Amino acid sequence: YDGTLWFYTRRSAEKVSETDRDHDVCLTFSDQDKGVYVSLSGSARVSDDQTLIDKYWNPFIAAWFPEGKDDPDVALLEVKIEMGEHWMAKENKAFQLYEFAKANIKHTTPNIGENEKFGG
């Protein structure tokens, strides 16, 4: 894995014009049932590389693009990850909310479980 994420998008989407103006992006993912949270930061650019569009095309993607992969509005958003952070919360949601509230009052960082940073 080279640190690159690819997302299909419509060239006409607002995020494409936003990316043209500012390449810095932040992506967040969570699995709240398991208490897993991930934040990734990097830079994005739009690609119309047909070879890559063909490579990653599948029925799930096709459902969102009824005109097909040759539609001129289909593009890829390339995100080069530069740094990230991962949390594994061991405590229940009530405890996590308590930690967030306490951190806001005391101007500290909440202790919600294991934390790992990478890159940057």
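Reader: Which residues do ring pairs link into a cluster?

Author: In this predicted model, ring pairs build a cluster of three named side chains. One pair within it joins Tyr8 and Trp57, and another joins Tyr8 and Phe65. The cluster therefore consists of Tyr8, Trp57 and Phe65.

Reader: How is the aromatic pair of Tyr8 and Trp57 arranged, edge-to-face or stacked?

Author: A pair of aromatic rings is described by the distance of the centres and the angle of the planes. For Tyr8 and Trp57 the centres are 5.5 Å apart and the planes stand at 80°. Planes over 60 degrees apart count as edge-to-face. The arrangement of Tyr8 and Trp57 is edge-to-face.

Reader: How many residues apart in sequence are the parts that Tyr8 and Trp57 tie together?

Author: Tyr8 belongs to strand 1, while Trp57 sits in the loop between helix 2 and helix 3 (59–64), so the pair ties together distinct parts of the sequence. Tyr8 is buried at a relative accessible area of 15%, and Trp57 is buried at 19%. The parts they tie together are 49 residues apart.

Reader: Is Phe65, the tilted partner of Tyr8, buried or exposed?

Author: Phe65 pairs with Tyr8 at 6.3 Å centre to centre, with 55° between the planes. Phe65 lies in the loop between helix 3 and strand 4, 57 residues from Tyr8. Its relative accessible area is 7%, and the limit for a buried residue is under 20%. Phe65 is therefore buried.

Reader: Which residues are linked in a network of salt bridges?

Author: Side chains of opposite charge can pair when their charged atoms come close. Glu78 meets Arg45 in a salt bridge at 2.5 Å, N to O, and Glu78 also forms a salt bridge with Lys80, at 3.7 Å between the closest N and O atoms. The network links Arg45, Glu78 and Lys80.

Reader: What is the relative accessible area of Glu78?

Author: Glu78 lies in strand 4 (residues 74–89) and Arg45 in strand 3, so their salt bridge ties together parts 33 residues apart in sequence. Arg45 is partly exposed at 43%, and Lys80 is partly exposed at 36%. Glu78, by contrast, is buried, with a relative accessible area of 7%.

Reader: Where do Arg11 and Asp48, which meet in a salt bridge, lie in the chain?

Author: The side chains of Arg11 and Asp48 meet at 3.8 Å, N to O. Arg11 is partly exposed at 32%, whereas Asp48 is exposed at 55%. The two are 37 residues apart: Arg11 is in the loop between strand 1 (4–10) and helix 1 (14–21), and Asp48 is in the loop between strand 3 and helix 2 (50–56).

Reader: Which residue in the turn between strand 2 and strand 3 has a positive phi?

Author: Strand 2 (residues 24–31) and strand 3 (residues 36–47) run antiparallel and are joined by eight bridges. Within this pairing, Cys26 stands opposite Ser41. The two strands form a hairpin with four residues between them, and the turn residue with a positive phi, about 70°, is Gly35.

Reader: Which element of the protein has the lowest mean pLDDT?

Author: The protein comes to four helices and five strands, in the order β-α-β-β-α-α-β-α-β from the N terminus. Its mean pLDDT is 88, and 89% of its residues reach 70 or more. Helix 2 has the highest mean among the elements, 97, and the lowest, 70, belongs to helix 4 (residues 93–106).

Methods
Residues numbered from 1 in each chain as written. Heavy atoms only, no water. Pairing = 2+ DSSP bridges. Salt bridge = Lys/Arg side-chain N within 4 Å of Asp/Glu carboxyl O. Buried < 20%, exposed > 50% of the residue type's maximum accessible area, 1.4 Å probe, protein only. pLDDT = per-residue confidence, 0-100. Phe/Tyr/Trp six-rings, centres within 6.5 Å; stacked < 30°, edge-to-face > 60°.
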